[in-house]
Amino acid sequence: MVFYPRCEIVVSGSSDGTVRAWEAASGKALRVLGEYADAVECVAMSPDGRHVAAACTDGMVRVYRWASAT
């Protein structure tokens, strides 16, 4: 899980293979950024908050653009 305070967004990776964005204040799910066949091991956000990287247990790494970054 990673928290980006500028946007008040939390991004999580899960054992079900999903990468999700959440509103930090309310806990409301905003959207699924991506889905893997295997569990997501790690997520990270770029310093400017525009991109999210996620890695899963099979070694696949994907980078997603977070369009709502301010």
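**Group meeting: strands and contacts**

Glycine 13 is found in strand β2. That is where I start today. A reminder before I go on: this is a predicted model.

How exposed is glycine 13? At 31% relative accessibility, glycine 13 is partly exposed, because buried would need under 20%. Now its surroundings. Beyond its neighbours within four places in sequence, glycine 13 touches Thr18, Val40 and Val43. Take valine 40 from that list. Glycine 13 and valine 40 are 27 residues apart along the chain, yet their C-alpha atoms are separated by 5.0 Å.

Next, the strand itself. Of the 5 residues of β2, 4 are buried, so β2 is largely enclosed by the rest of the structure. What does β2 pair with? Its partner is strand β3, residues 18-23, and the pairing is antiparallel over 5 bridges. Within that pairing, glycine 13 has valine 19 in β3 as its bridge partner. β2 and β3 form a hairpin with 4 residues between the strands. Look at glycine 17 in that hairpin: it takes a positive phi near 90 degrees.

Stay in β2, which spans residues 9-13, and move to serine 12. Buried or exposed? Serine 12 counts as buried, because its relative accessibility is 14% and the cut-off is under 20%. Its contact list, again without neighbours within four places in sequence, reads Met1, Thr18, Val19, Arg20, Trp22 and Val43. Tryptophan 22 deserves a closer look. The side chains of serine 12 and tryptophan 22 are joined by a polar contact of 2.9 Å.

Tryptophan 22 also leads us to alanine 29. Leaving aside neighbours within four places in sequence, alanine 29 is in contact with Ala21 and Trp22. Alanine 29 sits in strand β4, residues 29-35. Its relative accessible area is 44%, so alanine 29 is partly exposed. One more distance here. From alanine 29 to isoleucine 9, C-alpha to C-alpha, the gap is 9.9 Å in space and 20 residues in sequence.

Now the sheet. An open sheet is formed by 3 strands, in the order β5-β6-β7, with antiparallel pairing. Which strands are at the edges? They are β5, residues 40-45, and β7, residues 61-65, and each pairs on one side only. From one strand to the next, the twist averages 20 degrees.

Take the pairings in turn. β5 and β6 are antiparallel over 5 bridges. Methionine 45 stands opposite valine 52 in β6. These two strands, β5 and β6, form a hairpin with 5 residues between them. Glycine 49, in the turn, has a positive phi of about 75 degrees.

On to the other pairing. β6 covers residues 51-56 and pairs with β7 in the antiparallel sense, over 5 bridges. Here alanine 54 stands opposite arginine 62 in β7.

What does arginine 62 lie over? It lies over the face of tyrosine 36, at 4.5 Å from the ring centre. And rings against rings? How many aromatic pairs does a search of the whole structure find? The count is 0.

To recap. In β2, serine 12 is buried, while glycine 13 is partly exposed. Serine 12 reaches tryptophan 22 through a polar contact. In the open sheet, β5 and β7 are the edge strands. Arginine 62 lies over the tyrosine 36 face. That's my tour.

Notes
Residues numbered from 1 in each chain as written. Predicted model: local features only at pLDDT ≥ 70, side-chain atom pairs only at ≥ 80, totals over all residues. Heavy atoms only, no water. Buried < 20%, exposed > 50% of the residue type's maximum accessible area, 1.4 Å probe, protein only. Contact = heavy atoms within 4.5 Å. Polar contact = N/O pair within 3.5 Å; in protein donor to acceptor, adjacent residues only side chain to side chain. Phe/Tyr/Trp six-rings, centres within 6.5 Å; stacked < 30°, edge-to-face > 60°. Lys NZ or Arg CZ within 6 Å of the ring centre and 35° of its normal. Pairing = 2+ DSSP bridges. Axes fitted to C-alpha atoms, helices over the stretch in contact; angles between N-to-C directions.
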